[in-house]
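This report describes two sheets and two nonpolar cores. Please keep the sequence and the structure in view while reading.

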Amino acid sequence: MEYEIKGGSFPIVICTLQNGETMKNETGAMAFMTSNIKMETTTDGGLLKGLGRALSGDTLFLNFFTAQSDNEQIGFSSRTPGKIIPINLNGSTIIGQKNAFLAAEKSVDVDIFFKKKLGAGLFGGEGFILQKFSGNGIVFLEIDGEVIEKDLAPGEKLLLDPGHIAAMEPTVDFGIERVKGAKNILFGEGIFFSKLTGPGKVWIQTMPLCKLAEALIPFLPTPSE
């Protein structure tokens with residue numbers, strides 16, 4: 001499989017498949033495909049696995065696209081302004097935020113990831129139910145806004161607003177930290193930060209969809225009384 005990412009702030013990844021190669025994606029991300037590609041929709045592992053993905057913000061069903069001849073093309077487009085990043089797993093695992101999954105090669109396993117610390121789920125926003133990508137092959141993740149990569153050294157800590165976490169390696173420990181000071185809580189960034197502790201790589205997104213929607217609310221028309 002070969003691919004090319006185009007589109008700037010409104011990206012699309014165009015994959016060129018040879019006969020028998022398969023890509024899979026969540027429902028609704030496919031933008032176009034050439035005529036000799038066969039599509040099949042399944043839960044990819046059974047109903048329970050599909051329900052698990054639905055809990056993590058993905059769709060219950062996945063679409064599989066298999067090339068019936070050489071040099072067939074299929075395009076998967078991002079749903080929001082941002083970036084599409086390719087990650088070659090090569091037997092490794094990546095943990096992603098809700099809705100991070102765009103598309104992947106068939107050999108990539110897409111599953112739910114539960115964070116063991118309940119506090120992270122109650123107060124960490126996006127932290128408790130995440131997505132896990134493992135196996136071999138390339139997975140394409142969609143990032144809201146721009147993306148910043150940081151390699152954390154062992155024991156190095158990083159505090160973030162929960163919505164800005166796009167993905168991380170499984171060696172990174174995820175927890176929460178309470179904001180100190182009454183004025184900071186009332187007038188600052190909120191009550192809790194997400195705390196990431198290395199070692200491992202972290203992908204940070206600059207404009208989470210929730211913040212973009214919040215910024216647009218004052219400009220939306222309101223029903224007349």
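## Terms and basis

Two strands pair if DSSP finds at least two bridges between them. Helices (H or I, at least four residues) and strands (E, at least two) are DSSP runs, numbered from the N terminus.

This is a predicted model, in which local features need pLDDT of at least 70, side-chain atom pairs count only at pLDDT 80 or more, and totals for chains, interfaces and linings use all residues. Residues are numbered from 1 along each chain as its sequence is written, and side-chain values use heavy atoms, with hydrogens and water left out.

## The three-strand sheet

Strands 15, 18 and 17 form an open sheet in the order 15-18-17, with antiparallel pairing. Strand 15 (157-160) and strand 17 (173-178) are at the edges; each has a single partner strand, so one side of each lacks a neighbour in the sheet. From one strand to the next, the twist averages 30° (axes are lines fitted to C-alpha atoms, for helices over the stretch in contact, and angles run from 0 to 180 degrees between N-to-C directions).

Strand 18 (residues 192-197) is joined to strand 17 by six bridges and to strand 15 by four bridges. Within strand 18, Ser194 is the bridge partner of Leu160, and Ile176 also stands opposite Ser194. Side chains alternate along strand 15: Leu158 and Leu160 point to one face and are buried, whereas Lys157 and Leu159 point to the other and are not. Buried means under 20% relative accessible area, exposed over 50%, and partly exposed in between (1.4 Å probe, protein chains only).

## The four-strand sheet

A second open sheet to examine has four strands in the order 1-2-7-4, again with antiparallel pairing. Strand 1 (2-6) and strand 4 (30-33) stand at its edges with a single partner strand each, so one side of each has no neighbour in the sheet. Strand 4 pairs with strand 7 (residues 72-77) over three bridges, and Met33 stands opposite Ile74 in strand 7.

## The nonpolar cores

A nonpolar core is a set of buried Ala, Val, Leu, Ile, Met, Phe, Trp, Tyr and Cys residues joined through side-chain atoms within 4.5 Å. The largest one has 18 residues, of which Ile87, Phe133, Val139 and Leu141 touch the most other members. Strand 13 (138-144) is one of the elements giving two or more residues to this core; with three residues, strand 13 gives the most.

A second, separate core has 15 residues, including Ala29, Phe65, Ala67 and Phe76.
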